[in-house]
Amino acid sequence: MGENTANLTNLAIFVSGRGSNLRSIIDSCDHGILRSLARVALVVASKANIHALQIAESAGIDRYVYSRDIPVTTLLAVLEEHEVGFIALAGYLRRIAPEIVRKFERRIVNIHPALLPKFGGKGMYGMRVHQAVIESGETISGVTVHYVSEEYDAGQILAQETVAVEENDTAETLADRILQIEHKVYPVAIADALRNLKR
Ligand code: GRF
């Protein structure tokens with residue numbers, strides 16, 4: 001019997017690199033908590049030739065490379081064409097245009113590999129976040145999922161989970177441990193955000 005996809009929200013996942021969070025969201029739509037709620041309808045990449053696009057391709061998901069010279073109105077049209085109802089940023093490194101933020105109010109989230117509001121803001125991405133945590137001497141870091149607003153990393157927090165910083169951690173070892181938690185937390189937070197919309 002075919003699956004009933006009529007009630008599923010179409011997700012667009014925005015990526016810029018590796019795509020491991022994209023992978024965990026696809027898996028969750030296939031057989032996890034997102035299964036009864038959503039499907040990945042589109043992957044938007046800030047550049048071509050990134051691993052995340054290969055993941056999307058092998059999962060048979062439509063892909064759109066949104067390079068700098070493309071106007072935001074074109075991106076909005078592509079999102080509309082795919083009937084996108086919710087956006088999840090997953091390692092996306094470009095600023096989101098205010099037009100998108102406004103159109104997708106409460107329908108756009110991001111994941112950040114630290115406990116916001118600390119260690120966030122412009123320029124705080126990738127290993128820089130973990131390096132800053134270690135240099136600060138913090139003993140706890142973690143994961144934050146937040147709604148996206150017009151300011152970097154400043155929207156309302158939807159979910160957080162802590163991860164202990166070990167004495168001998170490097171930025172890399174801490175990043176690896178946090179990433180494992182990201183893969184669990186993000187699909188659950190997206191599910192919560194989708195349920196919040198139905199309330
Ligand atoms: C993750 O650490 C995420 O928190 C941050 O960028 C990284 C993306 O990793 N925003 P991946 O591309 O999902 O593997």
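Helices here are DSSP runs of at least four residues, numbered from the N terminus. With that settled, I noted that this is a predicted model and went looking for its largest pocket.

**Entry one: the pocket.** I asked which element gives the largest share of the lining of the largest pocket. H6 does, with 5 residues. That helix runs 171–198. H1, S5 and helix H5 (127–136) also give two or more residues to the lining. In full, 41 residues line the pocket, and nearest its centre I found Gly91, Tyr92, Leu93, Tyr125 and Gly126. I put the space inside at about 920 Å³. Sorting the lining by class, I got 18 nonpolar, 14 polar and 9 charged residues.

**Entry two: the ligand.** Where does the ligand sit? I found the ligand in the largest pocket. Helix H1 (20–31) and strand S5 (108–112) each give two or more residues to the shell around the ligand. I listed the neighbours as Arg18, Gly19, Ser20, Asn21, Gly91, Ile111, His112, Pro113 and Glu182. This shell has 5 polar, 2 nonpolar and 2 charged residues.

**Entry three: contacts.** I then looked up how some of these neighbours meet the oxygen atoms of the ligand. From Ser20, a polar side-chain atom lies 2.5 Å from a ligand oxygen. For Arg18, an N or O atom in the side chain is 2.6 Å from an oxygen of the ligand. Gly19 uses its backbone: an N or O atom there lies 2.8 Å from a ligand oxygen. Last, I checked cover: the ligand taken alone exposes 370 Å², and the protein buries 84% of that.

How values were computed. Residues numbered from 1 in each chain as written. Predicted model: local features only at pLDDT ≥ 70, side-chain atom pairs only at ≥ 80, totals over all residues. Heavy atoms only, no water. Near = heavy atom within 4 Å. Polar contact = N/O pair within 3.5 Å; in protein donor to acceptor, adjacent residues only side chain to side chain. Areas by Shrake-Rupley, 256 points an atom, 1.4 Å probe, with all protein chains shown as cover. 1 Å grid on protein atoms, 1.4 Å probe; cavity = no way out; pocket = protein on both sides within 12 Å on 5 of 7 lines; lining within 4 Å. Sits in = over half its atoms within 2 Å of the grid points. Nonpolar A, V, L, I, M, F, W, Y, C, P; charged D, E, K, R; others polar. Points joined across faces, edges and corners; volume = space filled by probe spheres on them.
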